[in-house]
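Please look over the sequence and the model below before reading on. The explanation that follows is meant to be read with the coordinates open beside it.

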Amino acid sequence: YGTSGKFGALSGFAAGARDAVAGVIHAPNPEVRIYMEPIDPGSPITPQERLTLLKQSVRPWAEFLDFRHMGIPQASEVKLRLGQNIETYFYNYLVIAVAYSLFYLFTSFFSVVALLVTLSAAFYFYILHPETCVLPFLEGVEIGSTQKHMIVGLLSVIALIALHGFSVLLGISLFTAAIVAIHGFFRDHLIAS
């Protein structure tokens, strides 16, 4: 009984895998254009208009989960398919990430609150008041950019390290990345209904 049969099959598989990976790597990168106005903090729209745009930007869930449009792509199509799906379903992926984030409200409440406080402070200091500002509860005290950096930096250290916010962000990021990778890989826009 020779070993060439076992190793021949393995080397054939390895060669096929190598060719598939090479096809993905050498495929042209797609140009991905994501509609960002609903989440752009610099966009001059009201919160109500922003919420309406967000709702309108989410594709129908029946379309998102339509298994008739799932299939394994050719190696040369992987980048294009991922790019198309990220562009098309970006807001669906965002909704999934936010929904999964709610899970952490029950498991890591203080971490989530600390992250929200830090993000709110950064939004207040850098988006709403990019120049010097006066905090509503400290009337007469002017806050400059150095003080803003110190406050947001301290809040970040507390939220990320002391209250384990980093693990929350990592969990949300890994979960969302897995969903995007799996759905983006298998969802095909070219399969006819």
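The paragraphs below turn to a pocket and then to a pair of helices.

Because this is a predicted model, everything said here describes computed coordinates. A reader might begin by asking which residues lie nearest the centre of the largest pocket. They are V98, S101, L116, L119 and L169, which belong to a lining of 25 residues in total, and the volume that this lining surrounds is about 790 Å³. Four elements each give two or more residues to the lining, namely helix 4 (78–107), helix 5 (109–128), helix 6 (145–162) and helix 7 (165–186). Of these, helix 5 supplies the largest share, with eight residues. As for the character of the lining, 19 of its residues are nonpolar and six are polar, while no charged residue is found among them.

Two of the helices that line the pocket, helix 5 and helix 6, also pack against each other, with their axes 9 Å apart and at an angle of about 165 degrees. Since an angle over 145 degrees counts as roughly antiparallel, helix 5 and helix 6 are therefore described as roughly antiparallel to each other, and the crossing in which helix 5 passes helix 6 is left-handed. On the side of helix 5, the contact is made by A114, L115, V117, T118, A121, A122, F125 and Y126, and these meet K148, H149, I151, V152, L155, S156, A159 and L160 of helix 6. Taken together, the residues of this contact comprise 12 nonpolar, three polar and one charged.

Methods
Residues are numbered from 1 along each chain as its sequence is written. This is a predicted model: local features need pLDDT of at least 70, side-chain atom pairs count only at pLDDT 80 or more; totals for chains, interfaces and linings use all residues. Side-chain values use heavy atoms; hydrogens and water are left out. On a 1 Å grid over the protein atoms alone, a cavity is a set of points where a 1.4 Å probe fits but cannot get out, and a pocket is an open set with protein on both sides within 12 Å along at least five of seven lines; lining residues have an atom within 4 Å of a point. Grid points are joined across faces, edges and corners, and a volume is the space filled by probe spheres set on the points. Ala, Val, Leu, Ile, Met, Phe, Trp, Tyr, Cys and Pro count as nonpolar, Asp, Glu, Lys and Arg as charged, and the others, Gly among them, as polar. Axes are lines fitted to C-alpha atoms, for helices over the stretch in contact, and angles run from 0 to 180 degrees between N-to-C directions. Angles under 35 degrees count as roughly parallel, over 145 as roughly antiparallel, 65 to 115 as roughly perpendicular and the rest as oblique. A crossing is left-handed if the near helix is turned anticlockwise from the far one by less than a right angle, and right-handed if clockwise. Contact means heavy atoms within 4.5 Å.
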